[in-house]
Structures are given as structure tokens and as C-alpha cells.
Amino acid sequence: RVGGSFLRRSARPDTPYAHGPRGVDLAAVPGDPVRAALAGTVRFAGRVAGVTWVTVGHAGGLTTTYGGFAATVRAGDRLDLGTPLGRAGRRGRLDWGARRDGAYIDPLGLLGARTVRLVSLDG
């Protein structure tokens with residue numbers, strides 16, 4: 001979690017291995033803390049293609065990813081909701097993604113949005 005606005009919303013590529021964004025880009029003030037969206041355990045913290053990424057495993061087959069910041073956590077660290085993962089970098093943005101059982105989902109759905117279902121009043 002960072003305090004910024006959305007720079008790009010989630011858009012999944014046509015295939016699992018195609019190039020393209022899978023999460024959202026959030027505006028971030030350089031140096032601001034980046035915090036865990038949910039409690040979990042760090043599965044990976046390191047650089048991929050020159051960018052720092054942190055992957056956090058959660059209950060129920062959920063995984064969140066955070067990219068493009070200066071991480072201070074390591075694989076195996078246990079996190080509570082809101083635990084600092086590191087600090088926003090100079091580029092002024094954070095990449096945030098999520099997967100459930102390996103399939104990409106829109107991470108914004110983790111922020112408390114509810115599914116609305118219309119039900120007939122006739123029973």
C-alpha cells in the first residue's frame with residue numbers, strides 16, 4: 001500500500017506468458033513506505049530484469065507482488081497487514097499485482113470491494 005493515485009489499471013494479456021501489465025501502477029512519492037496489503041510470508045525478494053520485486057504468499061492460494069521500489073524484507077519474513085516492505089523509489093510509481101491459485105486477478109478487488117448480485121423479489 002502506498003498513498004498515491006492510480007497511474008494504470010489492471011489489464012491482463014491474452015495468454016499467461018504474453019508481454020504486458022498484469023496489475024496496477026500506483027503513484028508513489030519517492031521515499032514513502034510501501035506496505036503489505038495483507039498478512040502473509042515473503043516468498044521472493046530480489047531483482048528481476050533490473051527491477052526489485054517482492055512476492056508475498058497469503059492464505060487461500062493468494063499471492064501479491066510489489067515491484068519497482070527499495071525492498072527491506074527478505075524471503076521467509078512473516079508480515080502483518082501494513083508491515084513495511086521498503087520505500088518507494090525515484091521513479092515515483094509502484095507496480096502491484098495479485099494471483100489466486102496462479103491465475104492473475106485485479107489487485108483492486110483485494111481492497112474491500114464487494115460483489116453485487118441482483119436477486120428476484122419473487123423468490
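# Close-up views of an all-strand predicted model

In the protein chain, 56% of the contacts with a separation of 6 or more are between residues 24 or more positions apart. The model is predicted, and the legends below walk through it one view at a time.

**Figure 1. The whole chain holds 11 strands and 0 helices.** Read from start to end, the pattern is β-β-β-β-β-β-β-β-β-β-β. Of the 123 residues in the protein chain, 34% are buried.

**Figure 2. Confidence varies along the protein chain, from a mean of 50 in strand 1 to 98 in strand 8.** Strand 1 covers residues 6-8 and has the lowest value, while strand 8, residues 78-79, has the highest. Across residues 114-120 the pLDDT is below 50, and this stretch makes 0 contacts in the model beyond near neighbours in sequence. For the protein chain the average pLDDT is 80, with 72% of the residues scoring at least 70. Please keep these values in mind when you look at the ends of the model.

**Figure 3. The largest nonpolar core brings together 18 residues.** Which members touch the most other members of this core? They are Val 34, Tyr 66, Phe 69, Leu 79, Leu 85 and Trp 96. At least two core residues come from each of strand 2 (24-27), strand 5 (51-57), strand 9 (84-88) and strand 10 (93-100). As a reminder, nonpolar side chains tend to be buried together in soluble globular proteins.

**Figure 4. Three strands form an open sheet in the order 3-9-7, with antiparallel pairing.** Why is one side of strand 3 (33-35) and of strand 7 (69-71) left without a neighbour in the sheet? Both stand at the edges, and each has a single partner strand, so there is no neighbour on the other side. On average, neighbouring strands of this sheet are turned by 35° against each other, direction ignored. Strand 7 and strand 9 pair over 3 bridges in the antiparallel sense. To find your way in this view, start at Phe 69, whose bridge partner in strand 9 is Ala 88. Phe 69 also appears in the core view, among the residues that touch the most other members.

**Figure 5. His 58 sits in the loop between strand 5 and strand 6 (62-67).** Is this histidine, His 58, buried or exposed? His 58 counts as buried because its relative accessibility is 10%, and the cut-off for buried is under 20%. A polar atom of the His 58 side chain lies 3.4 Å from the backbone oxygen of Val 56. Leaving aside residues up to four places away in sequence, His 58 touches Leu 38, Ala 39, Gly 40, Thr 63 and Thr 64.

**Figure 6. Ala 49 has a positive phi, near 55°, in a residue other than glycine.** Most residues other than glycine have a negative phi. Ala 49 is found in the loop between strand 4 (40-48) and strand 5. With 81% relative accessibility, Ala 49 counts as exposed.

**Figure 7. Asp 101 also has a positive phi, of about 50°, although it is not a glycine.** Where does Asp 101 lie? Its place is in the loop between strand 10 and strand 11 (103-105). Asp 101 is exposed, as its relative accessible area is 65%, and the cut-off for exposed is over 50%.

Key: Residues numbered from 1 in each chain as written. Heavy atoms only, no water. Core = buried A, V, L, I, M, F, W, Y, C linked by side-chain atoms within 4.5 Å. Buried < 20%, exposed > 50% of the residue type's maximum accessible area, 1.4 Å probe, protein only. Helix = DSSP H or I, 4+ residues; strand = E, 2+ residues; numbered from the N terminus. Polar contact = N/O pair within 3.5 Å; in protein donor to acceptor, adjacent residues only side chain to side chain. Contact = heavy atoms within 4.5 Å. Pairing = 2+ DSSP bridges. Axes fitted to C-alpha atoms, helices over the stretch in contact; angles between N-to-C directions. pLDDT = per-residue confidence, 0-100.
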